[in-house]
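Hi everyone, thanks for coming. Today I'd like to walk you through one structure, piece by piece. Have a look at it first, and then we'll start in the middle.

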Amino acid sequence: MLAETIAAIRSADPQAVADARAHQDRLTKPRGSLGVLEEIAVRLAGAAGVSPPPMPGPAALAIFAADHGVYARGVSPWPQEVTVQMVANFLAGGAVANAFAAQAGVSVTVVDVGVAADLPGAADLVDRKVAYGTADMTQSPAMTADQVLQALEVGISVARELVAKGARCLITGDMGIANTTASAALVSVFTGKDPAEVTGRGTGIDDETHGRKIDVVREALRVNALSGAFEPGEALRALAAVGGFEHAAITGFILGGAAARVPVVLDGVIAGAAALVAAALAPASADHCVAGHRSAEPGHATALAHLGLRPLVDLELRLGEGTGGLLAYPTLCAAVRVMHEVATFDSAGVTEKSV
């Protein structure tokens, strides 16, 4: 499934990009006056291979939930059972992501890809558990080679299922106590940045815990022989070594969306880390991604810069769940609606400015 999906991904279509830029310049507004919105519309045209690009609706948020063995190293002040409790909260509609999704008219799908407990069945819960959490990445690879492929295929299959049900935009979401530690390790590996530069405070930790978190990331990279120069061919090994089940699933989710030529709105640092892996596996996948926001986590800005993505929202969020992507989604729709509904100078009979 992974090889088939990667083979289906196409780079942005240069003719669609050119057509979209030309169309923007004919609309009844000064050229470039919509700033980044114009670039987003052009980007989506290139990804879809047609101008104007299709409206990115309806949209679907997938929240991938998993636990992390590295939690045992004291990198988070939150108890691990919060992962289970927050899954229940998502399913009950009580989380911030649910409120933002309702505001934006986005469906919510919750996927258990590696929660360290058995979850009660629920209509809106997709049970694709690969294992009961990852191993401690400071002792061994977090996932086996088979597990990382299983988790990748979970993400691909969820993307395919949501698109088959009518979704025309996918939004990444995540839940997993200690997942910013794994994210920092992935960002460090895939960008070459020192762990101290890309390891943040997650859900809120003091200076002592932050220092320990940086040390833990360094130790994980050393134990898994990832401290040197990274080779793109090692992407799957690196993901298995220091990633989480949700990182692998979101990587697959991005690849699945890209293969279907459906835009994928990235949330925060967990999605940013996954997008780095996706881009290493299939460089053209980045053409189908939109950075929903810039997280307060330092590793997120590093990941976005490496991917060449500009965030639509910068509100110092650090919640995860898909919240930043959900806030950005209406802006994405507005950018595309302009392409479909705003008159051109010729059609409106409006005189253009003199050269």
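Let's begin with strand E4, where seven of the seven residues are buried, so E4 is largely enclosed by the rest of the structure. Buried here means under 20% relative accessible area, while exposed is over 50% and partly exposed is in between, using a 1.4 Å probe and protein chains only. Helices (H or I, at least four residues) and strands (E, at least two) are DSSP runs, numbered from the N terminus.

Before going on, a word about where this comes from. This is a predicted model, in which local features need pLDDT of at least 70 and side-chain atom pairs count only at pLDDT 80 or more, while totals for chains, interfaces and linings use all residues. Residues are numbered from 1 along each chain as its sequence is written, and side-chain values use heavy atoms, leaving out hydrogens and water.

Back to E4. In a regular strand the side chains alternate between the two faces of the sheet. On one side of E4 we find Cys 169, Ile 171, Gly 173 and Met 175, and pointing the other way are Leu 170, Thr 172 and Asp 174; all are buried.

Now, which strands does E4 pair with? Strands pair if DSSP finds at least two bridges between them. E1 and E4 run parallel and are joined by seven bridges, and one of the partnerships is Ala 59 with Cys 169 in E4. E4 also pairs with E5 in the parallel sense, over two bridges, where Leu 170 has Val 264 in E5 as its bridge partner.

Let's zoom out to the sheet. It is an open sheet of six strands in the order E3-E2-E1-E4-E5-E6, with parallel pairing. Strand E3 (125-127) and strand E6 (289-291) are at the edges with a single partner strand each, so one side of each has no neighbour in the sheet. From one strand to the next, the twist averages 30°; angles run from 0 to 180 degrees between N-to-C directions, and axes are lines fitted to C-alpha atoms, for helices over the stretch in contact. Towards the E6 edge, strand E5 (residues 264-266) and E6 pair in the parallel sense over three bridges, and Val 265 stands opposite Val 290 in E6.

What lies across the sheet? Helix H11 (residues 245-259) lies across E1, E2, E4, E5 and E6, and runs at about 180° to E4. Helix H14 (residues 323-341) packs on the sheet too, touching E1, E4, E5 and E6, with its direction at about 170° to that of E4. Whenever I speak of contact, I mean heavy atoms within 4.5 Å.

Next comes helix H12 (residues 269-281). Is H12 enclosed or open? Of its 13 residues, 11 are buried, so H12 is largely enclosed by the rest of the structure. Among the buried ones are Val 269, Ile 270, Leu 276 and Val 277. Their cover includes E4, H7, H10, H11, E5 and H13.

Two of those covering helices also meet each other. Two packed helices are described by the angle between their axes and the distance between the axes. H7 and H13 pack at an angle of about 35°, with their axes 10 Å apart. Val 187, Phe 190 and Thr 191 of H7 make the contact with Gly 299, Thr 302, Ala 303 and His 306 of H13.

Last stop: helix H3. H3 has 13 residues and reaches 18 Å from first C-alpha to last, close to the 18 Å expected at 1.5 Å a residue; that expected span is 1.5 Å times one less than the number of residues. The buried residues of H3, including Ile 40, Val 42 and Leu 44, pack against H2, E6 and H14. Just after H3, Gly 49 takes a positive phi of about 80°.

How do H2 and H3 meet? The axes of helix H2 (residues 14-26) and helix H3 (residues 36-48) come within 8 Å and cross at roughly 145°. Residues on the H2 side include Ala 16, Val 17 and Arg 21, and those on the H3 side include Glu 38, Ala 41 and Val 42.

That's my tour, thanks for listening!
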